[in-house]
Amino acid sequence: MRAFFATKVEHESKNYNGKTFQRAGSSAFERVFTANQNCRDAYPTFLVVLWCAGLLCSQAAAAFAGLIYLFVRQKYFVGYLGERTQSTPGYIFGKRIISFLFLMSVAGILNYYLVLIFGSDFEVYIKTVTNTISPLLLIP
């Protein structure tokens, strides 16, 4: 996915400036470059919450949410190439998925401390809830 974004930026730059890559360019290049920067800036946060949710909570639900997030980011990028308002649904949907992964991570951390302090393990319940809720991410 990152290669697709970088290729689009390079393509728009070459269309405007010829054979060399330059930062300043047409409005189409500015939109592509900005969309690429936005996706690049959000990627580390996505990876952190994805790994934490997968390790501490439920791997299946985290993997499902991660795949949906990658699809949504692609839609965000393509929407950003048109008008900026076309990218808003992808942005909001991506934010909801990141929030879900973050809540999964928090639930896994809380479960770890409940086991450590009280000896109560709620891992089965947490996995059941997250696996049940994860398909609801598909609702717009």
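Which residues line the second largest cavity? In this predicted model, select Leu 56, Cys 57, Ala 107, Gly 108, Asn 111, Glu 123 and Ile 126, and the lining of that cavity is displayed. The enclosed space has a volume of about 30 Å³. It is one of 2 cavities of 30 Å³ or more.

Next, colour the helices around this cavity. Both α4 and α5 (123–133) contribute at least two lining residues, and α4 gives the most, with 3. By class, the lining of the second largest cavity comprises 4 nonpolar residues, 2 polar residues and 1 charged residue.

Keep Cys 57 selected, since this residue belongs to the cavity lining. Is Cys 57 buried or exposed? Its relative accessibility is 4%, so Cys 57 counts as buried, the limit being under 20%. Now add Cys 52 to the selection. Because its relative accessibility is 31%, Cys 52 counts as partly exposed. A search for disulfides in the model returns a count of 0.

Move on to the largest pocket by selecting Ala 42, Thr 45, Phe 46, Tyr 69, Arg 73, Gly 90, Tyr 91, Gly 94, Lys 95 and Ile 98, which together form its lining. Three helices, α2 (27–56), α3 (59–81) and α4 (88–118), each give two or more residues to this lining. Which element gives the most to the lining of the largest pocket? That element is α4, with 5 residues. The volume of the largest pocket is about 150 Å³. Colouring the pocket lining by class shows 5 nonpolar, 3 polar and 2 charged residues.

With both sites displayed, inspect α4 once more: this helix is the leading contributor to the lining of the largest pocket and also to that of the second largest cavity.

Finally, turn to the record. An unreviewed UniProt entry lists residues 48–72 and 93–115 under "transmembrane region". Select residues 48–72 and place a distance label between the C-alpha atoms at the two ends: they are 18 Å apart. This span is 92% helix and 0% strand. Then select residues 93–115 and repeat the step. What is the distance between the end C-alpha atoms of residues 93–115? These atoms lie 33 Å apart, and the span is 100% helix with 0% strand.

Methods:
Residues numbered from 1 in each chain as written. Predicted model: local features only at pLDDT ≥ 70, side-chain atom pairs only at ≥ 80, totals over all residues. Heavy atoms only, no water. Disulfide = S-S within 2.5 Å. Buried < 20%, exposed > 50% of the residue type's maximum accessible area, 1.4 Å probe, protein only. 1 Å grid on protein atoms, 1.4 Å probe; cavity = no way out; pocket = protein on both sides within 12 Å on 5 of 7 lines; lining within 4 Å. Points joined across faces, edges and corners; volume = space filled by probe spheres on them. Helix = DSSP H or I, 4+ residues; strand = E, 2+ residues; numbered from the N terminus. Nonpolar A, V, L, I, M, F, W, Y, C, P; charged D, E, K, R; others polar. UniProt positions renumbered as here; feature names shortened; annotations may be inferred.
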